[in-house]
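Hello,

Here is the structure I promised to pass on. Have a look at it first, and my notes follow underneath.

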Amino acid sequence: MARTPAFYTVHGPSLREERKGQGRSVQDVAAAARISRSYLQRLETGTRERMGAPSYVRLRTALKSTNDKLLAPPEDPPEER
């Protein structure tokens, strides 16, 4: 069984696009996800990228969205020489 990660790395531009595409304000989504407006703004602008699992799940639920739409693409492992 897969473990739930301790944190998620959110892709800010995608998060903003998803919110705006729904015609919702930062304040509305933040309140629905039970996070602060400033925290959501920092996520959207890339000032913050990581969210704890409970907060991320509330945000994803508030937006009725998916991991594919909100999470940053996985980083490629460093190449070995």
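I'll start with a pair of charged side chains: Glu44 and Arg16 form a salt bridge, with N and O 3.3 Å apart. Glu44 belongs to helix H3 and Arg16 to helix H1, so this pair links parts that are 28 residues apart in sequence. Please keep in mind that this is a predicted model.

The two partners differ in how much of them can be reached from outside. Glu44 has a relative accessibility of 4%, so it counts as buried, the limit being under 20%. Arg16, at 32%, is partly exposed.

Glu44 has another partner as well. The side chain of Arg19 meets Glu44 in a salt bridge of 2.6 Å, N to O. Here too the pair ties H1 to H3, since Arg19 lies in helix H1 and Glu44 in helix H3, 25 residues apart in sequence. Both Arg19 and Glu44 are buried. Through the shared partner, Arg16, Arg19 and Glu44 are joined into one network of salt bridges.

How many salt bridges does the whole structure hold? The search finds 3. Besides those described above, Arg24 pairs with Asp28, with the closest N and O atoms 2.7 Å apart. Asp28 is partly exposed, at a relative accessible area of 36%.

Now to the helices that carry the network. H1 (residues 12–21) and H3 (residues 37–45) pack with their axes 6 Å apart and at an angle of about 120 degrees. That angle makes H1 oblique to H3, because it lies outside the 65 to 115 degrees that count as roughly perpendicular and is not over 145. On the H1 side, the contact is made by Gly12, Pro13, Leu15, Arg16 and Arg19; on the H3 side, by Leu40, Leu43, Glu44 and Thr45. Sorted by class, this contact has 4 nonpolar, 2 polar and 3 charged residues.

Which residues of H3 are buried? They are Tyr39, Leu40, Leu43 and Glu44. These residues span an arc of only 135 degrees around the axis, which means that they sit on the same side of H3. The buried residues of H3 pack against H1, and also against helix H2 (26–33), strand E2 (50–52) and helix H4 (53–63). Just after H3 comes Gly46, with a positive phi near 90 degrees.

A positive phi also turns up in residues that are not glycine. One is Arg34, where phi is near 60 degrees. Arg34 is found in the loop between H2 and H3, and with 63% relative accessibility it counts as exposed. Another is Lys64, with a phi of about 50 degrees. Lys64 is in the loop between H4 and H5 and is exposed, its relative accessible area being 75%.

Finally, here are some residue pairs to look up in the viewer. Val57, in helix H4, is 49 residues from Tyr8 in sequence, while their C-alpha atoms are 9.4 Å apart in space. Val57 is partly exposed, at 32% relative accessibility. Asp68, in helix H5 (residues 67–70), is 57 residues from His11 in sequence and 10.0 Å from His11 in space, C-alpha to C-alpha. Asp68 is exposed, with a relative accessible area of 77%.

If you open the model, you could begin with Glu44 and its partners Arg16 and Arg19.

Best wishes

Notes
Residues numbered from 1 in each chain as written. Predicted model: local features only at pLDDT ≥ 70, side-chain atom pairs only at ≥ 80, totals over all residues. Heavy atoms only, no water. Axes fitted to C-alpha atoms, helices over the stretch in contact; angles between N-to-C directions. Helix = DSSP H or I, 4+ residues; strand = E, 2+ residues; numbered from the N terminus. Parallel < 35°, antiparallel > 145°, perpendicular 65-115°, else oblique. Contact = heavy atoms within 4.5 Å. Nonpolar A, V, L, I, M, F, W, Y, C, P; charged D, E, K, R; others polar. Buried < 20%, exposed > 50% of the residue type's maximum accessible area, 1.4 Å probe, protein only. Arc of directions from axis to C-beta. Salt bridge = Lys/Arg side-chain N within 4 Å of Asp/Glu carboxyl O.
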